[in-house]
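Please open the model in your viewer and keep the selection panel at hand. We will go from one stop to the next, and at each one I will say what to pick and what is there.

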Amino acid sequence: MKQNSEGLEYNNSTVKMVIGRFRKHKLAVASLYFLCFMTVLAILAPIISPYDPNKVSTSFSAPPSLAHWLGTDQIGRDMFSRLLYATRISLFVGFATTVISTVIGVVLGLIAGYFGGIVDIIIMRITDTIMSFPYILLVLVAAAIFGPGLWNIILILGFVDWPGAARLVRGNVLSLRETNFVKGNIVAGMPNRYILFSEILPNTIGPILVYATSVFAITILDEAALGFLGMGVQPPTASLGNILNGAESITILTSKFWLWVPAGVIIILLVLSINFVGDALRDAIDPSAKE
Amino acid sequence: MYNNEDNNGERKPLVVVSELKKYYPVKGLNIGKNTPVIHAVDGVNLEIYEGETLGIVGESGCGKSTIGRQIVALEKPTSGRVIYQGETLSDMPFGCLRKIRTHIQMVFQDSTSSLNPRKQVYDILAAPMLYHGIVEKEGLNAEVNRLLDLVGLPKSMKYRYPHEFSGGQRQRIGIAKALSVKPRLIVCDEPVSALDVSVQAQILNLLKQLQDELKLTYVFISHGLGAVRYVSSRIAIMYLGRIVEIADTQELFDDPIHPYTQALFDASPLPVPKLRGRQRIVLKGDIPSSVNIPSGCRFHTRCPYAIESCRINDPELISVEGSKGHKAACPVLMAQRSE
């Protein structure tokens with residue numbers, strides 16, 4: 001049991017150290033609180049939204065009022081409720097896409113970098129191929145083929161976003177493979193899976209996390225772009241993107257700000273705060289970083 | 001076949017390096033011609049005996065570190081073999097090699113990159129022991145403490161990260177990691193070259209003391225004659241991928257035969273002022289490229305004793321008359337001696 005308590009103690013101190021360094025970035029801490037706040041709002045959307053997001057009321061395109069805090073849209077749905085549900089969908093798309101693309105990218109990057117040779121060539125040529133397509137066109141074509149929809153958008157974005165992560169991880173692995181501590185572990189007869197996942201992977205976690213946060217941010221933007229073009233999550237389900245879709249019309253853009261400004265502001269704040277958190281994480285996780 | 005020697009009453013080598021060659025292709029575009037190769041190690045024969053410290057000395061780029069990497073089987077030789085207890089390492093199936101590997105460990109020059117910056121000392125030392133089943137989980141903590149004690153570090157340091165240590169302390173941890181899998185042979189690849197002089201002495205003394213306690217065998221690779229002389233029982237001098245002279249330490253320093261060995265000794269500063277006026281061999285020019293090795297004796301381009309035949313005949317290591325295990329690859333000077 002003594003063994004256990006000692007093990008726990010040093011794990012705790014590592015975590016404490018990371019948290020301590022993260023806290024020094026005030027902007028990132030504020031961003032994290034904001035993200036948590038938005039996440040809670042998104043999760044609790046069904047409870048806190050004053051109206052059913054798809055329920056049509058009698059006033060169309062009404063400006064903000066006491067009954068409808070952020071007004072109503074063209075067909076009379078409550079904007080505040082729709083925004084809550086839209087944030088929920090957009091965060092979910094961002095999160096799921098990031099997880100899918102990061103896992104694919106990290107695994108392929110590790111394999112390509114560590115084993116090299118023909119495996120590396122095959123994986124990297126696939127990566128190059130995907131990267132050489134115009135990104136938005138590829139996503140649009142895929143969305144047109146498979147049909148727009150929540151899960152299709154997640155899968156399409158997930159399978160298009162991984163090459164960046166794969167390249168990043170591969171590059172890191174290539175340099176880590178030449179370090180003496182990896183060689184030392186080979187000499188000590190440690191198995192490949194240990195060297196890959198326990199020696200090399202922890203040293204690439206920093207860049208992976210930072211990259212993942214940027215993928216998260218970019219995915220939210222991509223979903224917004226797709227929604228704006230009408231190829232994203234389909235109405236009546238609300239997403240930040242398809243709310244912005246309303247701003248295609250010049251009258252709305254110029255005279256009905258409540259239909260697009262709140263959604264735009266939420267996107268900007270989400271993306272900004274995710275990026276701040278990512279930057280701070282990179283500094284916090286590196287044990288040799290200067291205090 | 002190597003076991004037979006034992007029956008004849010000779011010392012049994014732990015590792016035999018046989019006709020070892022390692023060439024690296026020169027990177028870059030080479031259209032329409034054969035890829036040039038770097039002859040890092042070009043036909044080396046060595047025996048490493050149990051309990052000894054074999055020093056390997058030579059200029060930068062002479063292939064001494066390459067030999068080290070071949071002995072620990074980090075790279076496959078281009079040709080030739082490294083034989084550990086009768087088994088050729090490069091021919092072994094992967095699973096067997098992994099077990100055998102624990103017998104031959106390595107201590108690296110750069111102690112900063114030889115420890116994973118994300119891991120605490122405890123994890124660095126414990127992982128190989130756990131994987132190879134050297135200790136049970138319950139005994140792990142005690143074993144880590146014992147290893148740290150062996151290399152002279154307080155056990156309270158085990159939860160620190162590598163960057164929290166000084167260079168000398170990191171090198172001690174590097175040694176502890178090598179010791180953790182209970183090796184018989186440790187290849188020390190310039191273990192003290194990156195440390196300052198006072199720390200060098202501490203590490204060298206630690207290596208010697210560990211050798212006595214644990215009956216270790218060392219291959220000590222260095223370009224510093226002083227360090228090699230201090231720890232080695234036998235020394236091999238390398239030049240351009242070949243061993244040019246090998247002898248017991250005392251014998252080598254008393255009676256160096258090969259002109260390159262003499263030049264190396266003459267080039268190192270002497271603490272005794274009286275001897276400073278002595279005649280010295282001073283080498284002119286740079287070490288030739290290991291891509292285009294000179295014909296004949298590869299040292300003839302810089303050798304003050306070179307004669308015509310040196311350009312043509314590639315000399316082999318020949319035993320020196322009346323000595324035990326002293327070999328040199330200079331027929332010219334050896335003929336002069338016997339006259």
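Start with the largest nonpolar core of this predicted model. It has 152 residues, and those with the most contacts inside it are B:Val15, B:Val219 and B:Ile237. Now colour helix 9 of chain A, residues 192-228: this helix gives the core its largest share, 14 residues. On the chain B side, at least three core residues come from each of domain 1 (1-103 + 185-198 + 205-232) and domain 2 (112-182). As a rule, in soluble globular proteins, nonpolar side chains tend to be buried together.

Next, select B:Val219 and show what surrounds it. Which residues is B:Val219 in contact with, leaving aside its neighbours within four places in sequence? They are B:Ile48, B:Leu54, B:Ile56, B:Gly68, B:Ile71, B:Leu185, B:Val187 and B:Cys188.

Widen the selection to strand 8 of chain B, residues 217-222. Six of the six residues in this strand are buried. Look at one side and you will find B:Thr217, B:Val219 and B:Ile221; turn to the other and you meet B:Tyr218, B:Phe220 and B:Ser222. Both faces of the strand are covered.

Now add the strands that pair with strand 8 of chain B. Strand 3 of chain B, residues 53-57, pairs with strand 8 in the parallel sense over five bridges, and B:Ile56 has B:Ile221 as its bridge partner. Strand 7 of chain B, residues 185-189, also runs parallel to strand 8 and is joined to it by five bridges. Here the bridge partner of B:Val187 is B:Val219. To trace the connection, follow the chain from strand 7 of chain B through helix 7 (residues 197-214) to strand 8: this β-α-β crossover is right-handed.

Switch to chain A for the last stops. How many helices and strands does chain A have? The count is 12 helices and zero strands. Its C-alpha atoms fill a box of roughly 75 × 45 × 35 Å along the principal axes. Of the 291 residues in chain A, 41% are buried. Among contacts in chain A with a separation of 6 or more, 67% are between residues 24 or more positions apart.

Finally, pick A:Leu140 in helix 6 of chain A, residues 135-146. Why does A:Leu140 count as partly exposed? Because 17 other C-beta atoms lie within 10 Å, whereas a buried residue needs 20 or more and an exposed one has 12 or fewer. Then add A:Leu226: its C-alpha atom is separated from that of A:Leu140 by 7.6 Å, although the two are 86 residues apart along the chain.

How values were computed: Residues numbered from 1 in each chain as written. Chains lettered and ligands numbered in written order. Predicted model: local features only at pLDDT ≥ 70, side-chain atom pairs only at ≥ 80, totals over all residues. Helix = DSSP H or I, 4+ residues; strand = E, 2+ residues; numbered from the N terminus. Contact = placed C-beta atoms within 7 Å. Core = buried A, V, L, I, M, F, W, Y, C linked by C-beta atoms within 7 Å. Domains from an automatic or database assignment. Pairing = 2+ DSSP bridges. Right-handed = clockwise from strand over helix to strand, strands pointing away.
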